[in-house]
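User: I've got a model open and I'd like to know what the labels on it really mean. Can you walk me through them?

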Amino acid sequence: MTGSAASSRIRRVSREKLGSGIVRLFFKQALAELRLNVSRRVDFRHSRNGEAVRAYCAMSAEEFEGINARQKWANWRTIPRNLHGRLPLRPCRAVDLCCGLGHSTQVLAYYLPAGSTVLGLEYNPEFVRVARRREYLASDRAPVAVSFRAQSVLDTFRDVSGRPLAEGSLDLVNCCGALGLHFVRSDVERLAAEIFRVLRWGGLATLDSGRKGVDRGAMTEVFERRGFRVVSAAKSCFLDRFTQVCFRKEDVMSPKNHPHGGPIRSEDSPLDEGSAESFRAVQPAAFRDQPRASIEAGVTDPDVDDTIGGE
Ligand SMILES: C[S@@+](CC[C@H](N)C(=O)[O-])C[C@H]1O[C@@H](n2cnc3c(N)ncnc32)[C@H](O)[C@@H]1O
């Protein structure tokens, strides 16, 4: 599949999943936010995280559905654009930070390879209860193993039984609609340390950035200092004020990154996997036809990868 074919497939899936036009979604969001501000005096647009989570905890799940309409639309575009051609060729373990009612988690479930698992972490326990009741389907409509835990993502990431996630145990950490609005730089420094701890070498972090919270420049600085490298960035559309940046936890022992060609290869980089056939067996339908060469290079067509020059 060419880059532009993948790009139009992403747009088609997004239309199928959301069913209504973008203008209607934006209108729905504006009205829901106005109602929340005026009649309930709840304003969630805080960059101080404590105030933001207080506002989210004061909302009902229906109110959140209203104010998250734009985000829900954006997720079906930004997440696949960043993941396209960069996933390992086997089931993945992913965490969705600040997952809300599970809208972003549903996108991950759809685009991750067959057999993957996703853990959603969310502060508001009521949102977690609602998220647990949703359906999480892969692109072939097979149910995906998804679990949720109510906790702050500024604490150690834990599994549903409360055990800290093991070091190097994840392939992907995703976050949508949170860091670019509700977190300051010092929060993101804490998060970067925890994301570095739980990701395996070569693992990906796809994280939203925006001017009201942590912008793209500050986030890149924090993550690069930790040993991550930016591999792509995506917006839902050119008017989007938020950019989701995709970082890779660099494997310093991989020959690619080692100045003299180190002896150890990243255990599950796409380059180390079996044949193109094994790739086809595990990749979701949306990515199945991507040319092997572009997968190996970790490169996607600029049309799909919508890489942005700046905030
Ligand atoms: C705009 S919503 C995005 C939800 C979801 N990621 C999506 O894309 O639909 C932001 C979410 O971040 C959650 N959140 C904010 N700060 C948090 C924290 N420190 N720990 C966990 N969740 C947090 C809020 O409760 C809210 O559900």
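Analyst: Here is a short tour of the ligand shell and one helix. This is a predicted model, where local features need pLDDT of at least 70 and side-chain atom pairs count only at pLDDT 80 or more, while totals for chains, interfaces and linings use all residues. Residues are numbered from 1 along each chain as its sequence is written.

User: What makes a residue part of the shell around the ligand?

Analyst: Its C-beta atom, placed from the backbone, has to lie within 6 Å of the ligand. By that rule 25 residues surround the ligand, and Cys 98, Gly 100, His 103, Tyr 123 and Gly 177 are the closest.

User: Which helix gives the most to that shell?

Analyst: That's α3, with four residues. Helices here are DSSP runs of H or I with at least four residues, strands are E runs of at least two, and both are numbered from the N terminus. α3 spans 49-57, and α5 (69-83), α6 (103-111) and β2 (117-122) also supply at least two residues each.

User: Why are Asn 49, Ala 52 and Tyr 56 in α3 called buried?

Analyst: Buried takes 20 or more other C-beta atoms within 10 Å of a residue's own, again placed from the backbone. Those three residues of α3 pass, so they count as buried.

User: How do you know that they're on the same side of α3?

Analyst: They cover an arc of only 60° around the axis, going by the directions from the helix axis to the C-beta atoms, so they sit on the same side of α3.

User: What do the buried residues of α3 pack against?

Analyst: α8 (179-182) and α9 (185-198). A contact here means C-beta atoms, placed from the backbone, within 7 Å.

Notes. A residue is buried if 20 or more other C-beta atoms lie within 10 Å of its own, exposed if 12 or fewer, and partly exposed in between; C-beta atoms are placed from the backbone. Two residues are in contact if their C-beta atoms, placed from the backbone, lie within 7 Å.
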